[in-house]
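Visitor: I would like to learn how to read a protein model feature by feature. Please give the general idea each time, then the case at hand.

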Amino acid sequence: MHLVALTLLAFIFIAGCTKEGPQGPQGTTGLQGPPGANGGAGAAGPAGTANVIYSSWFATTTLTWADSTHADFGTISRGNRAAPGVTTAVIDNGVVLTYFRSASSGTTTLPYTFGSTANLRQYGFILKQGTITYYAANLSTNTATGVVPVGEFRYVIIPGSVAGSRTMSTANNFTPQQLQSMSYTQVAQLYHLPDNGSN
């Protein structure tokens, strides 16, 4: 009898130890701890497009065109556009892209050569500090008669990333030659150019 009572007492004790009681009420929120130390500065990100300068589209007729003699093209029609972003540093180390668009040509990169062998024409540009000189030439006759373009121009100025070198630009490591071979659409997407407007 004594052994049975002890066994029963042990069973009750074990059962009481393993039984889980009801969940108590949620405690109050503790105080916020002190802020942690600031982390170090992260690595510099890639060059953005804030330093890229672009014009709005402007009609070719807004330029004052005049005939001029050029060593390679003979007599050309030329018109100047003020472009303060064309600095000596940009001319030496950067890239200037210029585009022409019209209903017949679509959007093309300058220089743009078109026409037949007997009437081969070219629209292009020449850089001077603070100025882009647009020209229209008849390569077949070396005359400027009737070659003033009718359409719109736009320019994009991309400063160089390495002083004294034209091998790289700030254009996400594209060379000037690669940029010049891109279509206008590719450049516009690369630099997030708006459909119109300047910066």
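Guide: The turns below go through the elements, the sheet, the cores and the salt bridge.

Guide: This is a predicted model, in which local features need pLDDT of at least 70, side-chain atom pairs count only at pLDDT 80 or more, and totals for chains, interfaces and linings use all residues. Residues are numbered from 1 along each chain as its sequence is written, and side-chain values use heavy atoms, with hydrogens and water left out.

Visitor: How many helices and strands are there in the protein chain?

Guide: Helices (H or I, at least four residues) and strands (E, at least two) are DSSP runs, numbered from the N terminus. The protein chain has four helices and 10 strands. Their order from the N terminus is α-β-β-β-β-α-β-β-β-β-β-β-α-α.

Visitor: In what order do the five strands of the open sheet stand?

Guide: Strands of a sheet pair through backbone hydrogen bonds, either parallel or antiparallel. Two strands count as paired if DSSP finds at least two bridges between them. Here the order is S3-S4-S9-S8-S7, with antiparallel pairing. Strand S3 (65-70) and strand S7 (112-116) are at the edges with a single partner strand each, so one side of each has no neighbour in the sheet. On average, neighbouring strands are turned by 30° against each other, direction ignored; the axes are lines fitted to C-alpha atoms, for helices over the stretch in contact, and angles run from 0 to 180 degrees between N-to-C directions.

Visitor: Which residues stand opposite each other, starting with the partner of Trp65 in S4?

Guide: Trp65 faces Gly79 in S4. S3 and strand S4 (residues 74-82) are antiparallel and share six bridges, and a hairpin of three residues joins S3 to S4. S4 is in turn joined to S9 by six bridges, again antiparallel, with Arg81 opposite Ile132 in S9. Between strand S8 (residues 119-128) and strand S9 (residues 131-138) there are eight bridges. Gly124 has Tyr135 in S9 as its bridge partner, and Ile126 has Thr133. The hairpin of S8 and S9 has two residues between the strands, and Gly130 takes a positive phi near 80° there.

Visitor: Is S9 mostly covered or uncovered?

Guide: Buried means under 20% relative accessible area, exposed over 50%, and partly exposed in between (1.4 Å probe, protein chains only). S9 is mostly covered, with eight of its eight residues buried. Thr131, Thr133, Tyr135 and Ala137 point one way, while Ile132, Tyr134, Ala136 and Asn138 point the other way. In the protein chain, buried residues are 32% of the 199 residues.

Visitor: Which residues have the most contacts inside the largest nonpolar core?

Guide: A nonpolar core is a set of buried Ala, Val, Leu, Ile, Met, Phe, Trp, Tyr and Cys residues joined through side-chain atoms within 4.5 Å. The largest one has 19 residues, and Leu110, Ile132, Tyr134, Phe153 and Tyr155 have the most contacts inside it. S5, S8, S9 and strand S10 (152-158) each supply at least two of its residues. Another core, of 16 residues, lies apart from it and includes Tyr99, Ile158, Leu179 and Met182.

Visitor: What does Thr98 touch, not counting residues up to four places away in sequence?

Guide: Contact means heavy atoms within 4.5 Å. Thr98 lies in strand S5 (residues 95-102) and counts as buried at 0% relative accessibility. With residues up to four places away in sequence not counted, Thr98 touches Thr108, Thr109, Leu110, Phe125, Tyr134, Arg154 and Tyr155. By the same sequence cut-off, the contacts of Phe153 include Trp57, Trp65, Tyr99, Leu110 and Tyr134.

Visitor: Which residue forms a salt bridge with Arg101?

Guide: A salt bridge is a side-chain nitrogen of Lys or Arg within 4 Å of a carboxyl oxygen of Asp or Glu. A search of the whole structure finds one. Arg101 pairs with Glu152, and their closest N and O atoms are 2.6 Å apart. The pair links distant parts of the chain, with Arg101 in strand S5 and Glu152 in strand S10, 51 residues apart. Arg101 is partly exposed, at a relative accessible area of 27%, and Glu152 is partly exposed at 25% relative accessibility.
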